[in-house]
Amino acid sequence: MDVQRLIIEHGAWFYPFTFALTFIEGETFVLVAGFAAAQGLLNAPLLLLAAWLGSFAGDQCYFWIGRNFGLRLLSRRPTWRARVDSALGWIKRYDTWFILSFRFIYGVRNFSSFAVGISGIAWQRFLVLNLIAAFLWAAVFVGTGYFCGRAFERMLGDFADEFSMIMLGLFTSFLVIAGILHRLRRRRRRAAAAASPSS
C-alpha cells in the first residue's frame with residue numbers, strides 16, 4: 001500500500017478519522033499523524049483540532065453514560081468495579097488534577113470519565129476541565145509527533161518521509177489486525193456462552 005499517495009489523495013479523511021479514533025483513545029495514531037504532519041503530508045493545526053474535539057467529545061460521552069446509567073451498568077458488569085472504584089478514590093482526593101491528567105495514564109481514560117460521571121461532580125465543571133485537558137492532551141501528542149518528525153527530517157534527510165510512511169503503514173496494519181482479532185474473540189465468547197448450559 002502506498003500510504004503517502006493515500007494521504008495526498010484522501011488526506012481530508014484523516015481528520016474525521018483522527019476525531020473517531022481519539023473519541024476512544026488513539027494516542028499512537030496521533031503521534032504518527034503528527035510525524036506525517038512534520039513532512040507536510042497533513043495539516044498540523046487541523047490535526048490538533050480533530051484530536052482535541054475527538055478526545056473532548058469521547059470523554060463527555062463517557063461522563064454522560066456514567067452520570068445517567070453508571071450504577072446500573074456496574075451492577076451488570078462487576079468486572080468494571082475495581083477500576084471504577086480506583087478512579088473514584090483518586091477523584092475524591094484530587095478531583096481537578098485527576099480530570100486534567102487521566103488521559104495521560106494508559107488504559108484508564110474511559111473508566112475515569114465514566115467514574116467522574118458517577119462521582120457527582122457538576123457537569124459544568126467537568127465540561128470546562130475536560131475542554132482544557134483534551135486540548136493539553138492533543139497538543140502534547142500532536143506536538144511530540146510533529147517535533148520528532150522534524151528532528152528525524154534533520155537527521156535522516158529524504159529518508160524521513162519514507163520512515164514516516166512506513167510507521168503510518170505499520171500502524172494502519174496494526175489497526176486492521178487488532179480489529180480482526182477483536183471480532184474473533186467476540187465470536188469465541190458468544191460461541192462459548194451458547195455452548196455452556198444455562199444456570
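Let's start with Thr 22: leaving aside its neighbours within four places in sequence, this residue is in contact with Val 30, Ala 50, Ala 51, Gly 54, Ser 55, Arg 109 and Trp 137. The model you are looking at is predicted. Its protein chain holds eight helices and zero strands, and 36% of the 199 residues count as buried. The points below begin with the whole chain and then visit a few places in it.

**The whole chain**

- Reading along the sequence, you meet the pattern α-α-α-α-α-α-α-α.
- Take the contacts between residues at least 6 apart in sequence: 83% of them join residues at least 24 apart.
- About 12100 Å² of the protein chain is exposed. Carbon and sulfur atoms supply 66% of that area.

**Thr 22, in helix H2**

- To find Thr 22, look in helix H2, which covers residues 14–24.
- Is Thr 22 buried or exposed? Thr 22 counts as buried because its relative accessibility is 0%, and the cut-off for buried is under 20%.
- The side chain of Thr 22 has a polar atom 2.7 Å from the backbone oxygen of Thr 18.
- The backbone oxygen of Phe 19 is also reached by the Thr 22 side chain, at 3.2 Å.

**Ala 33, in helix H3**

- Ala 33 sits in helix H3, made of residues 27–38.
- With a relative accessibility of 1%, Ala 33 counts as buried.
- Which residues is Ala 33 in contact with, leaving aside its neighbours within four places in sequence? They are Leu 42 and Leu 47.
- Ala 33 and Tyr 15 are 18 residues apart along the chain, and 9.8 Å separates their C-alpha atoms.

**Arg 103, in a loop**

- Arg 103 belongs to the loop between helix H5 (81–101) and H6.
- The relative accessible area of Arg 103 is 1%, so Arg 103 is buried.
- The side chain of Arg 103 makes a polar contact of 3.0 Å with the side chain of Asp 59.
- Another polar contact, of 2.4 Å, links the side chains of Arg 103 and Asn 130.
- Setting aside neighbours within four places in sequence, Arg 103 is in contact with several residues, including Glu 27, Ser 55, Phe 56, Arg 109, Ala 133, Ala 134 and Trp 137.
- Ser 55, Arg 109 and Trp 137 may look familiar: they are among the contacts of Thr 22, and they are among those of Arg 103 as well.

**Helix H6 and its surroundings**

- Why is H6 described as largely enclosed by the rest of the structure? Eight of its 11 residues are buried, so the description fits.
- The buried residues of H6 are Arg 109, Phe 111, Ser 112, Ser 113, Phe 114, Ala 115, Val 116 and Gly 117.
- Just after H6 comes Gly 120, with a positive phi of about 95°.

**How H4 and H6 pack**

- Two packed helices are described by the angle between their axes and the distance between the axes.
- Helix H4 (residues 44–76) packs against helix H6 (residues 109–119) at an angle of about 60°, and their axes are 6 Å apart.
- That angle makes H4 oblique to H6.
- As for handedness, the crossing of H4 and H6 is right-handed.

Notes
Residues are numbered from 1 along each chain as its sequence is written. This is a predicted model: local features need pLDDT of at least 70, side-chain atom pairs count only at pLDDT 80 or more; totals for chains, interfaces and linings use all residues. Side-chain values use heavy atoms; hydrogens and water are left out. Helices (H or I, at least four residues) and strands (E, at least two) are DSSP runs, numbered from the N terminus. Buried means under 20% relative accessible area, exposed over 50%, partly exposed in between (1.4 Å probe, protein chains only). Contact means heavy atoms within 4.5 Å. Accessible areas come from the Shrake-Rupley method with a 1.4 Å probe; for residues, only the protein chains shown count as cover. A polar contact is a pair of N or O atoms within 3.5 Å; within protein, one must be able to donate a hydrogen and the other to accept it, and residues adjacent in sequence count only if both atoms are side-chain atoms. Axes are lines fitted to C-alpha atoms, for helices over the stretch in contact, and angles run from 0 to 180 degrees between N-to-C directions. Angles under 35 degrees count as roughly parallel, over 145 as roughly antiparallel, 65 to 115 as roughly perpendicular and the rest as oblique. A crossing is left-handed if the near helix is turned anticlockwise from the far one by less than a right angle, and right-handed if clockwise.
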